[in-house]
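Subject: Structure for your review

Dear colleague,

Please find below the structure that I am handing over to you. I would be grateful if you could look through it together with the notes that come after it.

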Amino acid sequence: MVKNYLANQRQGTQSAKTRGEVSGGGKKPWRQKGTGHARQGSTRAPQWTHGGVAFAPKPRSYRYRVNKKVRRLALKSVLSDKVSGGNLIVIDEIKLENIKTKDFRGFLNALKVDGKSLVITRAPDKIVYYSARNLPGVLTCAAMQANVYDITNAKNLIIDRSALEILEKVALGEGKQAAEMLEGAKGVSA
């Protein structure tokens, strides 16, 4: 899943010219026989300076899909690893009054958290996001946007109790029910 995530993040815009795309080289540099040189058809072949690149990279997509069962298993595995390592911290509710990095730093200090941390909230929370974005090594995301790479990459996983329920549903293959839970919550708050 980590390899899949990183592959899907690649832009795939790398490009170089092959011998057919480099300008010039239309004329045979010397005659075929009698010179003592190896035969050459173009000055833009890969072995020549200013020649094209052999098997040149071209823009392409590196995306591929992983089976749903494998995705769920990876999520279960990484969550159980955080629990067994003692790096999963479940909070009743992550609530901040104002957008203040200092307050969020105090929140992390109260939890005695150091190193890379991933904070997962039930739904996208602007106050939490803006408060945490200037702290080095601290990432925030909503439960439905959490991925195996970010969870694996973080030393500590700080999660809202309701967000944990959503992640558990996703890991058990009940993603639609998790989305409905989220929609229901939005309807109530509106």
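The notes below describe what was found, beginning with the interior and then turning to the surface and the loops.

Please bear in mind throughout that this is a predicted model.

The interior. The largest nonpolar core has 19 residues, and L75, L118, I120, I151 and L167 are the ones that touch the most other members. At least two residues of this core come from each of helix 2, strand 2 (117-121), helix 5 (148-153), strand 4 (156-160) and helix 6 (161-171). Helix 6 provides the largest share, namely five residues. As general background, nonpolar side chains in soluble globular proteins tend to be buried together.

The surface. A patch of positive charge is formed on the surface by R63, R65, K68, R71 and K176. Of these residues, R65 belongs to the loop between helix 1 (2-9) and helix 2 (68-84). R65 has a relative accessible area of 71% and is therefore exposed, the cut-off for that class being over 50%. A nonpolar patch is also present on the surface: I99, Y129 and Y130 make it up, and together they have about 280 Å² of accessible area. Y130 is part of helix 4, which covers residues 126-132. With a relative accessibility of 32%, Y130 counts as partly exposed.

The loop between helix 1 and helix 2. Two residues here deserve your attention for their backbone angles. Most residues other than glycine have a negative phi. H50, which is not a glycine, nevertheless has a positive phi of about 70°, and F55 likewise has a positive value, near 55°. Both H50 and F55 are located in this loop. H50 is exposed, at 63% relative accessible area, and F55 is exposed as well, at 85%. S42 lies in the loop too, yet S42 counts as buried because its relative accessibility is 10%, and the limit for buried is under 20%.

Distances across the model. The C-alpha atoms of S42 and A171 are 59 Å apart, with these positions 129 residues apart along the chain. For L111 and A56, which are 55 residues apart along the chain, the C-alpha separation is 52 Å. L111 is found in the loop between helix 3 (101-110) and strand 2, and a relative accessible area of 25% makes L111 partly exposed.

Yours sincerely,

A colleague

Technical notes:
Residues numbered from 1 in each chain as written. Predicted model: local features only at pLDDT ≥ 70, side-chain atom pairs only at ≥ 80, totals over all residues. Heavy atoms only, no water. Patch = residues over 30% accessible without salt bridge, like charges linked within 9 Å, V, L, I, M, F, W, Y side chains within 5 Å. Areas by Shrake-Rupley, 256 points an atom, 1.4 Å probe, with all protein chains shown as cover. Salt bridge = Lys/Arg side-chain N within 4 Å of Asp/Glu carboxyl O. Lys, Arg positive; Asp, Glu negative; His and termini not counted. Charge placed at Lys NZ, Arg CZ, Asp CG, Glu CD. Helix = DSSP H or I, 4+ residues; strand = E, 2+ residues; numbered from the N terminus. Buried < 20%, exposed > 50% of the residue type's maximum accessible area, 1.4 Å probe, protein only. Core = buried A, V, L, I, M, F, W, Y, C linked by side-chain atoms within 4.5 Å.
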